[in-house]
Amino acid sequence: MSDQLIIAGESLSSRLLLGTAGYPNQRIMRDAVKASGCEIVTVSMRRVALPGQEQRHGSDTLDLLSGYRFLPNTAGCETARDAILTAELAREALETNWVKLEVIGDRETLYPDAGELIEATRRLVDLGFVVLPYCSDDPVLCQRLADLGAAAVMPMGSLIGSGMGIANPANLELICRRSAVPVIVDAGIGTASDAVIAMELGASAVLLNTAVSRADDPVAMASAMRLAIEAGRLAWRAGRIPKRGRAEPSSPQLGLVGS
Amino acid sequence: MKININGIEQEFDCTGSQASFRQISLQHIWEAHGREREIESARGFAIALNGHLVRRAQWPQTPIAPGDRIEIVRALSGG
């Protein structure tokens with residue numbers, strides 16, 4: 001049964017996108033990526049250390065993960081201008097026109113800035129990028145981003161790095177039901193059941209990082225996430241039963257012993 | 001000649017070839033790599049001059065002037 005995720009015409013067999021930051025060490029990061037079964041890993045763009053400065057952690061990530069598809073992010077950018085320059089630098093550095101677009105509007109909550117996000121999406125699409133914007137779980141914002149040419153939308157499950165899971169399943173279900181482009185739930189996933197819920201709500205994929213990288217055993221959690229996303233996707237395709245407020249026996253009522 | 005590199009102002013001798021955009025860029029990339037690499041294989045790195053991307057092919061012929069801001073970035077772990 002072929003059930004590929006298609007983004008901007010590219011066919012992907014894994015519906016999990018994994019971040020590469022915050023692991024106990026780079027070996028565990030590499031093993032977790034492998035265990036997750038993902039094809040796409042996210043990376044950030046940062047200034048190189050100047051002579052005399054300590055080298056940045058994770059600078060060997062590209063070498064360790066050669067063969068994976070890199071999805072650069074614009075994490076930390078607070079304006080469309082900075083996000084666009086970061087995307088252009090990433091395209092040059094990694095020879096990919098895909099970008100996970102983040103434009104943060106508030107440093108405490110890391111909530112996206114909708115206005116800057118819309119502006120950055122518009123301009124990056126014009127510049128030939130495949131734009132995957134991280135956005136709030138707002139159906140109208142998701143619609144606007146898709147209308148502007150975003151290749152997918154990436155509504156938050158809950159706050160970045162919070163592990164709070166899917167804060168607003170009703171909104172997410174609504175977004176998934178109406179979206180013309182793939183919906184990738186990004187941020188907030190805490191454990192495997194959160195990923196299952198996202199997929200059961202109709203998400204096309206899940207992007208996560210901290211739930212794996214900060215787990216007691218990141219490699220085992222990466223395996224759990226792979227299975228969770230497969231299970232959630234299968235359940236969504238299978239179609240769940242409606243919920244009802246009364247019991248209904250599953251065994252036949254006729255021929256009971258002693259009746 | 002003072003050039004701002006990744007937010008830190010540095011003084012360069014503008015009489016020799018040391019103060020070319022290409023030389024400054026490659027020197028910093030080599031430092032970050034811990035070993036020398038050819039310009040063509042500077043994968044993972046990119047450079048902006050005064051807020052605008054400078055494509056790799058343009059590094060050799062990009063002029064610099066006092067007060068220029070150079071951003072040299074690389075791909076790192078990220079979420």
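**An internal cavity and three helix contacts**

About 70 Å³ of space lies in the largest cavity of this predicted model. The structure holds one cavity of 30 Å³ or more. Rolling a probe the size of a water molecule over the atoms shows where empty space is left.

The largest cavity is lined by Pro139(A), Cys142(A), Gln143(A), Ala146(A), Ile175(A), Arg178(A), Ser179(A) and Ala180(A). Sorted by class, these lining residues are five nonpolar, two polar and one charged. Two helices of chain A, helix 5 (139-147) and helix 6 (169-178), each supply at least two residues of the lining. Helix 5 of chain A gives the largest share, with four residues.

The two helices that border the cavity also pack against each other. The axes of helix 5 and helix 6 of chain A come within 9 Å and cross at roughly 30°. Angles under 35 degrees count as roughly parallel, and helix 5 of chain A is therefore roughly parallel to helix 6 of chain A. The crossing of helix 5 of chain A past helix 6 of chain A is right-handed. On the side of helix 5 of chain A, the contact is made by Pro139(A), Cys142(A) and Gln143(A), and on the side of helix 6 of chain A by Asn171(A), Leu174(A), Ile175(A) and Arg178(A). The residues of this contact comprise four nonpolar, two polar and one charged. Pro139(A), Cys142(A), Gln143(A), Ile175(A) and Arg178(A) take part in the contact and are also among the residues that line the largest cavity.

A second helix pair in chain A consists of helix 1 (residues 26-36) and helix 9 (residues 218-238), whose axes come within 7 Å and cross at roughly 20°. Helix 1 and helix 9 of chain A are therefore roughly parallel to each other. Their crossing is right-handed. In helix 1 of chain A, the residues Ile28(A), Asp31(A), Ala32(A), Ala35(A) and Ser36(A) meet Pro218(A), Val219(A), Ala222(A), Ser223(A) and Arg226(A) in helix 9 of chain A. By class, the contact of helix 1 with helix 9 of chain A has six nonpolar, two polar and two charged residues.

A third pair is formed by helix 3 (residues 80-94) and helix 4 (residues 114-126) of chain A, with axes that come within 9 Å and cross at roughly 35°. Helix 3 of chain A passes helix 4 of chain A in a right-handed crossing. Helix 3 of chain A contributes Ala80(A), Ile84(A) and Ala87(A) to the contact, while helix 4 of chain A contributes Glu116(A), Glu119(A), Ala120(A), Arg123(A) and Leu124(A). The residues of the contact of helix 3 with helix 4 of chain A divide into five nonpolar, no polar and three charged.

Technical notes. Residues are numbered from 1 along each chain as its sequence is written. Chains are lettered from A and ligands numbered from 1 in the order in which they are written. This is a predicted model: local features need pLDDT of at least 70, side-chain atom pairs count only at pLDDT 80 or more; totals for chains, interfaces and linings use all residues. Side-chain values use heavy atoms; hydrogens and water are left out. On a 1 Å grid over the protein atoms alone, a cavity is a set of points where a 1.4 Å probe fits but cannot get out, and a pocket is an open set with protein on both sides within 12 Å along at least five of seven lines; lining residues have an atom within 4 Å of a point. Grid points are joined across faces, edges and corners, and a volume is the space filled by probe spheres set on the points. Ala, Val, Leu, Ile, Met, Phe, Trp, Tyr, Cys and Pro count as nonpolar, Asp, Glu, Lys and Arg as charged, and the others, Gly among them, as polar. Axes are lines fitted to C-alpha atoms, for helices over the stretch in contact, and angles run from 0 to 180 degrees between N-to-C directions. Angles under 35 degrees count as roughly parallel, over 145 as roughly antiparallel, 65 to 115 as roughly perpendicular and the rest as oblique. A crossing is left-handed if the near helix is turned anticlockwise from the far one by less than a right angle, and right-handed if clockwise. Contact means heavy atoms within 4.5 Å.
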